[in-house]
Amino acid sequence: PMFPHTFDSTMLAAFRSCPQKMFRTYIQHWKPKTESVHLVAGGAFASGVEAARRAFYEKGLSVEESEALGCGALIHAYGDFECPADSAKSLERTLGALEFYFDQYRLGADGMVPVQFPNGRKAIEFSFAEPLPILHPVTGNPILYTGRSDMIAEFANGVYVVDEKTTSQLGASWSRQWEMRGQFSGYVWAAERGGIRRPDGCIIRGVSILKTKYDTQQVVTNRAAWEVDRWLDQTVRD
């Protein structure tokens with residue numbers, strides 16, 4: 001099998017936990033026979049947030065119209081997936097989580113404004129593919145590091161990478177896990193390479209989906225320049 005031309009944070013995390021797992025999953029492309037409810041619900045939730053933000057910040061629609069479009073996008077993304085009976089992440093509960101999210105972080109009133117690129121586009125669902133300082137062993141081209149953050153926004157006189165996470169449980173352990181997460185060091189590195197002012201940090205918003213309630217938690221984590229440099233060195237080494 002061909003050595004990958006691109007890497008992302010998920011592939012690197014799999015390699016660091018078990019190289020064989022990374023090889024089977026991302027090079028030989030072994031896949032589970034069934035879809036994960038966590039991936040389906042999380043992806044649908046992200047689609048809903050993106051659609052609502054684009055409607056509000058790019059098209060200038062009202063909060064109510066934007067949220068309605070977000071709900072439609074979530075339903076479309078969730079599709080006809082059958083949620084396991086023992087999971088709280090059904091279509092109805094995931095849709096309720098989106099409504100809960102915008103009640104807590106209302107569009108235009110949460111202090112965040114998406115950064116605008118020179119071409120006029122807003123940094124909503126910021127995708128990147130940046131060359132790493134290491135060459136592909138076959139083609140000789142630079143290996144690309146890829147990813148996509150939910151938003152890069154101006155907030156509290158700074159610039160922050162914003163990412164939403166759906167989960168089943170929030171708390172101290174949930175918030176601590178992002179302090180050293182390479183995913184966000186990569187986002188900061190890529191944003192600066194992409195021509196955006198170097199982000200001051202990352203804001204992670206968690207939404208827990210339970211069968212009887214919703215909850216949310218917001219975490220701010222910073223990345224010093226030396227931490228990003230260390231992340232890049234370790235990424236190249238891996």
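So, α4 and α5: these two helices are roughly antiparallel to each other, because they cross at roughly 150° and anything over 145 counts that way. Bear in mind, by the way, that what we're looking at is a predicted model. The axes of α4 and α5 come within 10 Å, and the crossing is right-handed. If you want to find the contact on screen, go to E67, G70, C71, L74, I75 and Y78 on the α4 side, then look across to L91, T94, L95, L98, E99 and F102 on α5. Sorted by class, that contact has eight nonpolar, two polar and two charged residues.

Okay, stay on α4, which is residues 63-78, and look at what it does with α3. Here the angle is about 150°, with the axes 7 Å apart. Therefore α3 and α4 are roughly antiparallel to each other as well. And α3 passes α4 in a right-handed crossing. The list of residues is a long read, so bear with me. From α3 we have V37, V40, A41, A44, F45, S47, G48, A51, A52, A55 and F56. From α4 we have V63, S66, E67, L69, G70, A73, L74, A77 and Y78. By class, it's 15 nonpolar, four polar and one charged.

Now the third pairing, α3 with α5. How do these two sit relative to each other, parallel, antiparallel, perpendicular or oblique? Their axes come within 10 Å and cross at roughly 40°. Roughly parallel would need an angle under 35 degrees, and roughly perpendicular starts at 65, so this pair is oblique. The crossing of α3 and α5 is right-handed. On α3 the contact uses A41, F45, G48, V49, A52 and R53, and on α5 it uses T94, A97, L98, Y101 and F102. That one breaks down as eight nonpolar, two polar and one charged.

Hang on to R53, Y101 and F102 from that contact, since all three turn up again in the next bit, around the largest cavity. How many cavities of 30 Å³ or more are there? The count comes to one, and its volume is about 50 Å³. The lining is R53, Y57, Y101, F102, Y105, R106, L107, D110, M112, M151 and R205. The elements giving two or more residues to that lining are α3, residues 37-58, and α5, residues 91-104. As for chemistry, the lining has seven nonpolar residues, no polar ones and four charged ones.

One quick stop before the pockets: T216. You'll find it in strand β7, residues 214-222. Leaving out residues up to four places away in sequence, T216 touches F100, Q104, Y105, L170, G206 and V207. Y105 there is a residue you just heard in the cavity lining. If you're wondering about S173, it's 43 residues from T216 along the chain, and the two C-alpha atoms are separated by 14 Å.

Right, pockets. The largest has about 1100 Å³ of space. It's lined by 35 residues, and the closest to its centre are S9, T10, L39, K165 and Q183. Which element gives the most to this lining? That's α1, with seven residues. The elements that each supply at least two residues are α1, α2, α3, β3, β4, β5 and α7. So you can find your way around, α1 is 9-17 and α2 is 19-27, the strands β3, β4 and β5 are 124-135, 142-155 and 158-167, and α7 is 182-193. The residues divide into 10 nonpolar, 14 polar and 11 charged.

Then there's the second largest pocket, with a volume of about 210 Å³. This one is lined by 14 residues, and F3, F7, L12, T235 and D238 are the closest to its centre. Here α1, α2, β3 and α8, residues 225-237, each supply at least two residues. What does the lining look like by class? It's 11 nonpolar, one polar and two charged.

Let me go back to the helices to finish. The α4 and α5 pair is roughly antiparallel, α3 and α4 likewise are roughly antiparallel, and α3 and α5 are oblique. That's it from me.

Terms used:
Residues are numbered from 1 along each chain as its sequence is written. This is a predicted model: local features need pLDDT of at least 70, side-chain atom pairs count only at pLDDT 80 or more; totals for chains, interfaces and linings use all residues. Side-chain values use heavy atoms; hydrogens and water are left out. On a 1 Å grid over the protein atoms alone, a cavity is a set of points where a 1.4 Å probe fits but cannot get out, and a pocket is an open set with protein on both sides within 12 Å along at least five of seven lines; lining residues have an atom within 4 Å of a point. Grid points are joined across faces, edges and corners, and a volume is the space filled by probe spheres set on the points. Helices (H or I, at least four residues) and strands (E, at least two) are DSSP runs, numbered from the N terminus. Ala, Val, Leu, Ile, Met, Phe, Trp, Tyr, Cys and Pro count as nonpolar, Asp, Glu, Lys and Arg as charged, and the others, Gly among them, as polar. Axes are lines fitted to C-alpha atoms, for helices over the stretch in contact, and angles run from 0 to 180 degrees between N-to-C directions. Angles under 35 degrees count as roughly parallel, over 145 as roughly antiparallel, 65 to 115 as roughly perpendicular and the rest as oblique. A crossing is left-handed if the near helix is turned anticlockwise from the far one by less than a right angle, and right-handed if clockwise. Contact means heavy atoms within 4.5 Å.
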